[in-house]
Amino acid sequence: MISDTLLSVSPQQQFNGATIRPIAASEIHGIAFYNNKLYGLDNRNGYLLEVDPITHNTKVLNTNHWEDFIGVTGLAIADNKLWFTSRYSVYYCNLDDPDFKCELFIRLADRVNGVAIWESSVYVSSQKAGTISVFDRQNAKEITHLDAPGIGIENITIKGEDLWVSDTLEQSVYCLDRATGKQKFSLLTPFECPTGLTFYHDPETDQDILYVSYVNNEPYIRDNPNADPNHELLYRIETFIHPLYFRYYPQDHYALSNGYLVEMTYVEELAPLDPIELKNLEWRMALPAQTHRQKVHKVEPIGLPFTEIIEDGERVAVFKFDTLTEHSRCIFGWKALIEVWGIKYNLTPRDCEKLPEMPPDYGDRYLVDNDNLAMDTDIIKRAAAEAVGRETNLLRKIYNIRNYVYDRLSYGIKPHIDTPDIALRRGVGSCGEYVGVLLALFRLNGIACRTVGRYKCPASALVHNIPLKPDYNHVWLEFYIPGVGWLPMESNPDDIYEGGPYPTRFFMGLAWYHAEMSKGVPFERLMIDGVVLNKQQVSIGNLAINHVQFTILEESSPS
């Protein structure tokens, strides 16, 4: 049973400044709170750091033994003993021993990554073995082993009856049953590459706060006086520790994690390229959607007023123009205040064995070729059959199709979107082409699905009150599980290795930086007298230039 104190933590109940940045730290792998101090392993420098979480004052404890700690990853502290993993071995020593005389606990056949202590048991994770092994603390004999939940390098910690696992590639933290290894739920982290995790118990609030360490590469501009031009784009390692706020909704099969209050603006600037005259024109724009992971606080017009209509249950802004010609110039659009969180669904194939029937109208809307999906071509039909084989379980079908597409497509940005048959034959696709292939294969296998999107806020969660502009628009998809609802799935960002194994971080999950527009309706349309104008008549891209901007205002905890 997960305690209520772990299910909802307010960002106000934290140290001064949510982010802890140990001074001079290069790469933090493995963290632990002990006696109100934060301990971290900088495995690049070999430092064992003691950090005051309030002032960030940092000490190097192993000043004369730092070489022994280079490459160390896992860290745990129990009964004043420091435990850590290095290459194939687990060691321990007394925390207050200035000479850090370490003793070998166990040496294993596979490289080990994380370590956690629970009473008389020692838990050790290994990416190579794909397991979390449990050993007797007294004799180092293996008691049992649990399956590791992800595919990346995993660090671990224990709180009560729960085993918590961070995974570098999955961008996730898992909550497992400590005894059985069964996954209770998982959380998307707000930053990439989580490398360690630990709980801090706040004595004033009597609440437990989960902290996660991260190691990332960040771009920066270097002023080089010897170069021409003298500014160079380079990358440097960024490492820090940040609280992971979350709330789990077991009846709805999902968990929310760190969110942000964001101001988003979408504006069109009229700049027609061709001679044109349109009378009594309605320019319709979808507005941000209200979802499990996105709350719309308010929307207001920019430039011109609009009227709001509800179309298929979704909010749409309507701008009206009596006459629009090639000489017309103005800006118009909307500004929205939205709250967005990371979401991750916890659903297994067993949950999908006996499902109710799909709503009767979904077949006509979400199983047909209504967007140039080339579902009648031989290559798409053949791919739809090959992808699922004889599988009958709905969730396994979806997972198999995803991996099939990842095996056959590599990511590449193109100026236009080709149909799925061309993209599959070529073997390269943009996010929109990935979506097209997935939609076609899903629908031919009776899986209701739809395109959603439209933009991603730049993933700069620590940059507040500064306008950020996305480089391009983005689409992903949702598939429908009867009895559960619409579940998100990114089109291609998990395709990070040729041939897999592929992460599942964005399979039934969506990061906080996705902005969801009204679903089931086009993002923008031009209409005259109730008739939709097609691209041959007039193209929005030839009429206007869009401007998209995000401003992250503050961090938000799921409520």
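K184 is buried, and D162 is buried as well, in this predicted model. The two residues are joined by a salt bridge in which the closest N and O atoms stand 2.5 Å apart. Because K184 belongs to strand 16 (residues 183–188) and D162 to strand 14 (residues 162–167), the pair ties together parts that are 22 residues apart in sequence.

## Overall form

The secondary structure of the protein amounts to six helices and 36 strands. The radius of gyration is 26 Å, close to the 24 Å that the globule rule gives for 559 residues, so the protein is as compact as a globular protein of that length. Along the principal axes, the C-alpha trace spans about 85 × 60 × 50 Å, and buried residues account for 56% of the 559 residues. As one separation within the chain, R382 and L244 are 138 residues apart in sequence and lie 44 Å apart in space, taken from C-alpha to C-alpha. R382 has its place in helix 2 and is partly exposed, with a relative accessible area of 46%.

## Salt bridges

The structure holds 23 salt bridges, and the table sets out three of them with their N to O distances.

| Residue | Partner | N to O distance |
|---|---|---|
| K184 | D162 | 2.5 Å |
| R284 | E282 | 3.0 Å |
| E433 | R426 | 3.2 Å |

The burial of the partners can be followed pair by pair. In the bridge between R284 and E282, R284 has a relative accessibility of 16% and therefore counts as buried, whereas E282, at 22%, counts as partly exposed; the cut-off that separates the two classes is 20% relative accessible area, with buried meaning under that value. In the bridge between E433 and R426, the acidic residue E433 is buried, with a relative accessible area of 1%, while R426 is partly exposed, with a relative accessible area of 34%. Beyond these pairs, R293, R450, E478, E516 and K519 are linked with one another in a network of salt bridges.

## Surface patches

Two patches on the surface can be described, one charged and one nonpolar. The residues D369, D371, D376 and D378 gather on the surface in a patch of negative charge. One of these residues, D378, lies in helix 2, which covers residues 378–388, and D378 is exposed, with a relative accessible area of 59%. The nonpolar surface patch is made by I221, L233 and Y235 and has an area of about 380 Å². Within this patch, Y235 is placed in strand 19 and counts as exposed, at 58% relative accessibility.

## Backbone features

The peptide bond that runs from D228 to P229 is cis, with omega near 0°, and P229 is found in the loop between strand 18 (207–223) and strand 19 (231–243). Strand 19 is also the element in which Y235 of the nonpolar patch lies. A cis peptide bond likewise joins G500 and P501, where omega is about 0°; P501 has its place in the loop between strand 31 (485–489) and strand 32 (509–510).

Positive phi angles occur at two asparagines. N80 has a positive phi of about 65° although this residue is not a glycine, and its place is in the loop between strand 5 (75–78) and strand 6 (81–86). With a relative accessible area of 26%, N80 is partly exposed. N372, which is not a glycine either, has a positive phi of about 55° and lies in the loop between helix 1 (362–366) and helix 2. At 61% relative accessibility, N372 counts as exposed. Helix 2, which bounds the loop that holds N372, is also the element that contains D378 of the negative patch and the partly exposed residue R382.

Notes
Residues are numbered from 1 along each chain as its sequence is written. This is a predicted model: local features need pLDDT of at least 70, side-chain atom pairs count only at pLDDT 80 or more; totals for chains, interfaces and linings use all residues. Side-chain values use heavy atoms; hydrogens and water are left out. Patches are made of residues with over 30% relative accessible area and no salt bridge: like charges are joined within 9 Å, nonpolar side chains (Val, Leu, Ile, Met, Phe, Trp, Tyr) within 5 Å. Accessible areas come from the Shrake-Rupley method with a 1.4 Å probe; for residues, only the protein chains shown count as cover. A salt bridge is a side-chain nitrogen of Lys or Arg within 4 Å of a carboxyl oxygen of Asp or Glu. Lys and Arg count as positive and Asp and Glu as negative; His and the chain ends are not counted. The place of a charge is taken as NZ of Lys, CZ of Arg, CG of Asp or CD of Glu. Helices (H or I, at least four residues) and strands (E, at least two) are DSSP runs, numbered from the N terminus. Buried means under 20% relative accessible area, exposed over 50%, partly exposed in between (1.4 Å probe, protein chains only). The radius of gyration is taken over C-alpha atoms; the globule rule is 2.2 Å times the number of residues to the power 0.38.
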